[in-house]
Amino acid sequence: MCQPEQVSDTASAPPVCVLGLGLIGGSLLRAAVRAGRDAWGHNRSAQSVEAARADGFDADTDLVAVLQRASAESALIVIAVPVPAVAATLTAIALYAPNCPITDVVSVKAEVAAAAARQGLADRYVGGHPMAGTSASGWSVGSADLFREAVWVVGTDDGVDPGIWMQVAQLAVDCGSVVVPAESAEHDRAVARISHLPHLLAETLAVTGAAGGPLALGLAAGSFRDGTRVAGSAPGLVRAMCEGNRSALLIALDEALELLQSARTELAEESSTATLVDAGHAARTRYDNQETWDITGIVPGDDGWIEAMRDAGRRGGRLRRL
């Protein structure tokens, strides 16, 4: 087994069981082990499991055995599978490890929370979403450093168990991230704008650029590469992410289309792109200059702690230590 390079601040932290060893799940397993956590993983692909084992990690293709071990050791289960596989994964957890605390790293939160509730696991579940990744996928491209200084959303839905919330937040911190508390539906509305819509815009730009033929692609440089980077992501993963957040994404997409249509009208009638370009520059400047601050003094379990966490997250608050 790999030896940890650093030890978690929480000596009593539970073991971690990661279900899904792609880019995010595989990176999480690596980061948890490096932090000194006892951790193991599952993947359906024998090739991925063999690769993880070759790298010195504890992994198995036997989901039942992995979950039974998690149950016996009261592990924190992390669901790291694509959206279409979440329901079946939760069904297996309900059968073989219903006593375990559960989180996930899926890019939509309301749908996963609803699926957990349907399996009677709502009181064991706290959603999570590390805002990190690349256009690559699979175990081989994972890295223990993927989450370093990244934002990791931890769900603050009504009725969330404060003890499990702390376990999930501690895992995020152990992996090198900063925690942003957010309610599931609010999270989904936000990521539709800053994660899911950019994927559709990148696909659009890639298709439009390629339509210009070899000359256009031969001239493409930094702006095209940057703007289309996420179009290199596996199409199935992009579809699952975008379609899983359909309602919120439709609103963001409509707004983007309206902006583009207005820009087209202005260019056609006034030979100008000033309105969109100026507004876009101002919006990017707000992003570059956004202020964040460390959340302190809110204790999970105290009266009003959930709404206090949500409010702090909305206003730029971050948890860096617990």
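**Exercise 1. Determine how far apart the centres of domain 1 and domain 2 lie in this predicted model, and how many residues each domain brings to the contact.**

Solution. Begin with the domain assignment, which divides the protein chain into domain 1, covering 16-182 + 291-318, and domain 2, covering 188-289. Taken over C-alpha atoms, the centres of domain 1 and domain 2 are separated by 29 Å. The contact then draws 14 residues from domain 1 and 14 residues from domain 2.

**Exercise 2. Describe the interface of domain 1 and domain 2 by its buried area, its polar contacts and its salt bridges.**

Solution. The size of an interface is often expressed as the accessible area that is lost when the parts come together. Between domain 1 and domain 2 the buried area is about 970 Å², and carbon and sulfur atoms give 58% of it. On the side of domain 1 that touches domain 2, the residues fall into 6 nonpolar, 5 polar and 3 charged. Turning to specific pairs, 3 residue pairs are in polar contact between the two domains, both residues being at pLDDT 80 or more, while the rule finds 0 salt bridges across this interface.

**Exercise 3. State how many salt bridges the structure holds, and work through the pair Glu73 and Arg69.**

Solution. The structure holds 18 salt bridges. Glu73 and Arg69 form a salt bridge through their side chains, with an N to O distance of 3.4 Å, which satisfies the cut-off of within 4 Å. Because the two residues are 4 residues apart in helix H3 (residues 63-73), about one helical turn separates Glu73 and Arg69.

**Exercise 4. Assess the confidence of the model along the protein chain.**

Solution. The mean pLDDT of the chain is 94, with 96% of its residues reaching 70 or more. Over residues 1-8, however, pLDDT stays under 50, and for this stretch the model has 23 contacts beyond four places in sequence.

How values were computed: Residues are numbered from 1 along each chain as its sequence is written. Side-chain values use heavy atoms; hydrogens and water are left out. Domain bounds come from an automatic or database domain assignment. Contact means heavy atoms within 4.5 Å. Buried area is the accessible area (1.4 Å probe) that two parts lose on being put together, summed over both. A polar contact is a pair of N or O atoms within 3.5 Å; within protein, one must be able to donate a hydrogen and the other to accept it, and residues adjacent in sequence count only if both atoms are side-chain atoms. Ala, Val, Leu, Ile, Met, Phe, Trp, Tyr, Cys and Pro count as nonpolar, Asp, Glu, Lys and Arg as charged, and the others, Gly among them, as polar. pLDDT is the predictor's confidence in each residue, from 0 to 100.
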